[in-house]
Amino acid sequence: MMMKIMTDSQVTPIPLGAMGKVFLVQGDAGAILVDAGMPGQAEQILEALATHGVKPETLRLILITHGHVDHIGSARELRARTGAPVAVHASDAAALRGEEDLTENAVPTSRLFGLLMRLGARLASPGPDSALEPDIVFDAAWRLDEYGVAGEVIPTPGHSPGSVSLLLDNGEAIVGDLAMGSLLFPQRATPPPIAWDLERNWESLRVVLERDPKLVYITHGRAFAPEVLRRLLIKYA
């Protein structure tokens, strides 16, 4: 008897107001959460998971795309309430431990949005009560089959040193802040407001697009067809 190969995954964006979103990914054999929102948003996230049939104790993994406060803020509380391990790239692990503010070494790509992001990060700093030691620290690509999701996490540095993207076998991708949506023209993609290394960010976006995804989810804005992001590379890189 042949073993069934998992390919199906369902991505559900969970909006969290003006500061972006997290993503529920449900596979054939489990569910994971991509990112953990701002501090104080755990209850909102758990309520959203419940509406999609995911009980706290059934969540199998919390994957952090990068270590900025709007992606890690509620990780400690979510881990405590779900028991799910928290995974982060080694280069951003210090942010979860409360040892480093990754926005301090980032360069604004837009003066206005860069300043706003840094201000927001300072106002909503996770603080010592939100710091945690991540359960899984990785520095290379790895698959999530053991967590019930058919997909691969790959390093995509640039926005931060340890930014990662999730490439699902169904052709969809979740890329964190490799790009963002335009406030005035939501159908357009724009550069992230800050970047540790903008050239590396564009290289990482190329790597994702070389996998030929059919749909790319970003944290701040709508999901984009790959053609939209290819136009972004032509314009800025």
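Trainee: In which sense do strand S4 and strand S5 pair, parallel or antiparallel?

Mentor: As a general idea, the strands of a sheet are joined through backbone hydrogen bonds, and their pairing may be either parallel or antiparallel. In this predicted model, strand S4 (residues 59-63) and strand S5 (residues 86-89) pair in the parallel sense, over two bridges. To find the place in the structure, look for Leu63, which stands opposite Ala87 in S5.

Trainee: What is the order of the strands in the open sheet?

Mentor: Six strands form the open sheet, in the order S1-S2-S3-S4-S5-S7, and the pairing across it is mixed. Strand S1 (9-15) and strand S7 (136-138) stand at the edges, and each has a single partner strand, so one side of each is left without a neighbour in the sheet. From one strand to the next, the twist averages 20 degrees.

Trainee: Which strands does helix H1 touch, and where does helix H3 lie?

Mentor: Helix H1 (residues 42-51) packs on the sheet and touches S1, strand S2 (21-27), strand S3 (30-34) and S4, while its direction makes about 140 degrees with that of S1. Helix H3 (residues 75-82) lies across S3, S4 and S5, and runs at about 170 degrees to S4.

Trainee: How many helices and strands are there in the protein, and what share of its residues is buried?

Mentor: The protein has seven helices and 15 strands, and buried residues, meaning those under 20% relative accessible area, make up 55% of its 237 residues. The protein exposes about 10900 Å², of which carbon and sulfur atoms supply 54%.

Note on methods: Residues are numbered from 1 along each chain as its sequence is written. This is a predicted model: local features need pLDDT of at least 70, side-chain atom pairs count only at pLDDT 80 or more; totals for chains, interfaces and linings use all residues. Side-chain values use heavy atoms; hydrogens and water are left out. Two strands pair if DSSP finds at least two bridges between them. Helices (H or I, at least four residues) and strands (E, at least two) are DSSP runs, numbered from the N terminus. Axes are lines fitted to C-alpha atoms, for helices over the stretch in contact, and angles run from 0 to 180 degrees between N-to-C directions. Contact means heavy atoms within 4.5 Å. Buried means under 20% relative accessible area, exposed over 50%, partly exposed in between (1.4 Å probe, protein chains only). Accessible areas come from the Shrake-Rupley method with a 1.4 Å probe; for residues, only the protein chains shown count as cover.
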